[in-house]
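Subject: Structure for your review

Dear colleague,

Please find below the structure that I am handing over to you, together with its sequence. My findings are set out after it.

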Protein chains: 2
Amino acid sequence: MQTKIDFKQAMNILQSQNITTLGVERVFLHDALGRVLAHDIYAESDMPHCALSNMDGYAFNSTFKDAKSFRILGVNQAGNAIPTLPLDAPFAIKTFTGAKIPQNADMLVPIEHCTLIQDTLSIETLPSIGQYMRQAGDNYKKGEKLLSKGTRLNANHIGLLASLNQVFIKVFARPKVGILVSGNELLELGESVSLTQDIYNANGHLLLAKVLENGGIPKLYPILKDDKAQVKSNIECALKECDMVITSGGASVGDYDFITALCKERTKEVIFQGVRIKPGQHIVYAQFNSKHFFGLPGFPNSTLVTFELFVKEILLRLLGTKLKRTTFKIPLSFDIDKNDTRLEFRVCNVRNKEGSFSIDFKDKKDFQSAILNNFCPLDNAQVGLCVLDSAKKSGEITEVILL
Amino acid sequence: MQTKIDFKQAMNILQSQNITTLGVERVFLHDALGRVLAHDIYAESDMPHCALSNMDGYAFNSTFKDAKSFRILGVNQAGNAIPTLPLDAPFAIKTFTGAKIPQNADMLVPIEHCTLIQDTLSIETLPSIGQYMRQAGDNYKKGEKLLSKGTRLNANHIGLLASLNQVFIKVFARPKVGILVSGNELLELGESVSLTQDIYNANGHLLLAKVLENGGIPKLYPILKDDKAQVKSNIECALKECDMVITSGGASVGDYDFITALCKERTKEVIFQGVRIKPGQHIVYAQFNSKHFFGLPGFPNSTLVTFELFVKEILLRLLGTKLKRTTFKIPLSFDIDKNDTRLEFRVCNVRNKEGSFSIDFKDKKDFQSAILNNFCPLDNAQVGLCVLDSAKKSGEITEVILL
């Protein structure tokens, strides 16, 4: 077990874990949106299968390119079989966009570059051989790799898979993620505020939605009281039922921090406990019963930030893909104070104005740890984490992680 | 009807349309992820409701701050009612993180800043009044606006809504979007290739997935033959059944372009036809029977790009929200050729290396219009559209729209 390590060490530890995906399932193409592809996809044939026209025009054989006029033998639209009319004289076949290029034709003159009087065509601007057409295999060739295992499928990929006649797609199974929050002060939604309980369970629903957004299957357990036996038995149950377990709360150093107590009993399974960052310094990563376990802090901001920084690294690999962060280097237009020696991830607004990015802290409240509304700007700003190793002066470059 | 307008004009026309959302529905909190909020959300009470401790420590009244020692009267954990033990002498109450600050206490000394010998506390570093605690309303005050109508809800918003005990959320209804593709050469997935039909319906499934990604409800109609009556009657049917209709194919100037033919018959309802861009110059935007209609080109690349540039503008406003594009200004490290006078949106790779962005055209095939695999890079690059008004030299700045 490593304790109070720095952020880079923690990332190295997470990234070096040997992580096994959860098997493969086949889903219908439309249900594959957002899922992770479980194998490489190769082209089974050339695309297009044969030469096709890219324009509406007239196809002919280049032997006769200098002929004064051509006789039109027929009309060839997309969806016709390859025309086999002889093109052994100054003959041409009207050939529409997407239609197959007729046999023995190697030139296509667009309708804009010729004139047609009755059935007789004269060419004004001669095309080069093969111009305005695609040859067999121009999109891709048989055997070419088109999609990589581990790709999280978006609409563009769905379109490509459809073009390949892929009806059922092999994707990685989604990990089941158990979510447990603890705290005597917490109420479930719909319950009434009392003198003792007056904080609604934000973290449970926040984590559920984060797990959904990242492709996992969340399982929300009942709110735990600050009771050691209850915390232990519910975590045991979640470890049995899920592929990953996340707790929120109880990870600090107080008398009622039963996640911390649990870690003391199972030190051999704890990978790290405590990272020198703000917020979230008490974070725990363990492998209890060989299942991934994250003990996140209970303040909502800290829960959210540690999910983004740590949990996603493992969750996305369990899903068979990898976390891709969007980070910016942004010059500051103001000073930033900082009193703490820990590396800080301070929530900020990210603004994109005509291609340039800037950050600010407009409407961000102090004591960020407890304040979830800092992540919900009212003015259409995007949300980022400003990475602060020290105080910064206006003009200095700062790193920002886009959330 | 305006024809062959420039891109800016087209955008202005789309953005100036008066668009009505489709009514409001109430969905359970977890189902609100990705939906668009239909009203502003205000705080119904101060948060926190009363002063809370941010640390594990000891609470006392500052009148006695200079006392040499304090007697501990009790223990106060999160979820307890506000302690009312008298603090009218050098008395202190052990108060854990998240616990309510005891009546008459205005100072909290963290456990790290004091020593406890038996039941007697001596303070080493005196806190200031109110330090290490949050006051009522520090997160937000009663009546404060917390979320705006039109917000597309992500996991952070779900967490905030949970903290507000919002179980059912009012969101805008999702528009139903009819998707029709036409072409004699097209096969539906699962059908067998023949001498005449050998192109699978990529565009229909691409558009379905794009509509899903953007929050609409797609309705895929059967593939249309290049048959005027069939095209017309199916579009009529889709206009009845859907809030928006998108077609792909048949919008060029050829004999079998029946979308173009339809527009000729209904010119009064066509808002614009033809935009001077590449790809996608034949795009149509109309309001047929007062429903939004987009006639997109049939080449998959052109379909995809025109969906991104034009359809999303209207679709997201029908959903009650607004399109937010991420654009970059990126200095080029190579020359870009361009022979066409139209404004071009050329698909490119966008790479983020340690906070700096660059673009390239690695593995992008020529004649982009037909080639969907250009949007599916194999090497983890993001996909963008490089906006080209002219050829560019290395070092020049170019605008890139992230897809």
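The notes that follow describe selected features of this structure, which is a predicted model.

I begin with a strand of chain A, S26, which spans residues 382-388. Six of its seven residues are buried, so the strand is largely enclosed by the rest of the structure. Strand S26(A) has partners in S24 and S27 of chain A. With strand S24 (residues 343-353) of chain A it runs antiparallel, and seven bridges join the two. Within this pairing, A:Asn349 has A:Val383 of S26(A) as its bridge partner. Strand S27 (residues 397-402) of chain A is also antiparallel to S26(A), with four bridges between them. Here A:Cys386 stands opposite A:Val400 of S27(A).

The next point concerns an annotated region. An unreviewed UniProt entry lists residues 178-317 of chain A as "domain: MoaB/Mog". Over residues 178-317 the chain is 37% helix and 26% strand, and the C-alpha atoms at the two ends are 17 Å apart.

As to internal space, the structure holds one cavity of 30 Å³ or more. The largest cavity has a volume of about 40 Å³. Its lining consists of A:Ser182, A:Asp226, A:Val231, A:Gly249, A:Gly250, A:Tyr256, A:Phe258 and A:Ile259. By class, four of the lining residues are nonpolar, three are polar and one is charged.

A:Ile259, one of the residues lining the largest cavity, is also among the contacts of A:Thr247. A:Thr247 belongs to strand S18 (residues 244-248) of chain A. Its relative accessibility is 2%, and because buried means under 20%, A:Thr247 counts as buried. Apart from neighbours within four places in sequence, A:Thr247 is in contact with A:Leu180, A:Ile235, A:Ile259, A:Phe293, A:Phe294, A:Gly295 and A:Leu296.

Turning to chain B, helix H5 (residues 258-265) is mostly covered, with six of its eight residues buried. These are B:Phe258, B:Ile259, B:Thr260, B:Ala261, B:Leu262 and B:Cys263. The buried residues of H5(B) pack against H4 and against strands S18 (244-248), S19 (270-275), S21 (284-288) and S22 (291-296) of chain B.

B:Asp227 is located in the loop between strand S17 (217-220) and helix H4 (228-241) of chain B. At 36% relative accessibility, B:Asp227 counts as partly exposed. B:Asp227 is separated from B:Asn184 by 43 residues in sequence, while their C-alpha atoms are 8.9 Å apart in space.

Several details of the backbone should also be recorded. In chain A, a cis peptide bond joins A:Lys278 and A:Pro279, with omega about 0°. A:Pro279 is in the loop between strand S20 (277-278) and strand S21 (284-288) of chain A. In chain B, the peptide bond from B:Lys278 to B:Pro279 is cis, with omega near -5°. B:Pro279 lies in the loop between strand S20 (277-278) and S21 of chain B.

Two residues of chain B that are not glycine have a positive phi. For B:Asn165, phi is about 60°. B:Asn165 is in the loop between helix H2 (155-163) and strand S13 (168-172) of chain B, and at 25% relative accessibility it counts as partly exposed. For B:Ser290, phi is near 65°. B:Ser290 sits in the loop between S21 and S22 of chain B, and it is exposed, with a relative accessible area of 67%.

Yours sincerely

Key. Residues are numbered from 1 along each chain as its sequence is written. Chains are lettered from A and ligands numbered from 1 in the order in which they are written. This is a predicted model: local features need pLDDT of at least 70, side-chain atom pairs count only at pLDDT 80 or more; totals for chains, interfaces and linings use all residues. Side-chain values use heavy atoms; hydrogens and water are left out. Buried means under 20% relative accessible area, exposed over 50%, partly exposed in between (1.4 Å probe, protein chains only). Two strands pair if DSSP finds at least two bridges between them. UniProt positions are given in the numbering used here, feature names are shortened, and annotations may be inferred rather than shown by experiment. On a 1 Å grid over the protein atoms alone, a cavity is a set of points where a 1.4 Å probe fits but cannot get out, and a pocket is an open set with protein on both sides within 12 Å along at least five of seven lines; lining residues have an atom within 4 Å of a point. Grid points are joined across faces, edges and corners, and a volume is the space filled by probe spheres set on the points. Ala, Val, Leu, Ile, Met, Phe, Trp, Tyr, Cys and Pro count as nonpolar, Asp, Glu, Lys and Arg as charged, and the others, Gly among them, as polar. Contact means heavy atoms within 4.5 Å.
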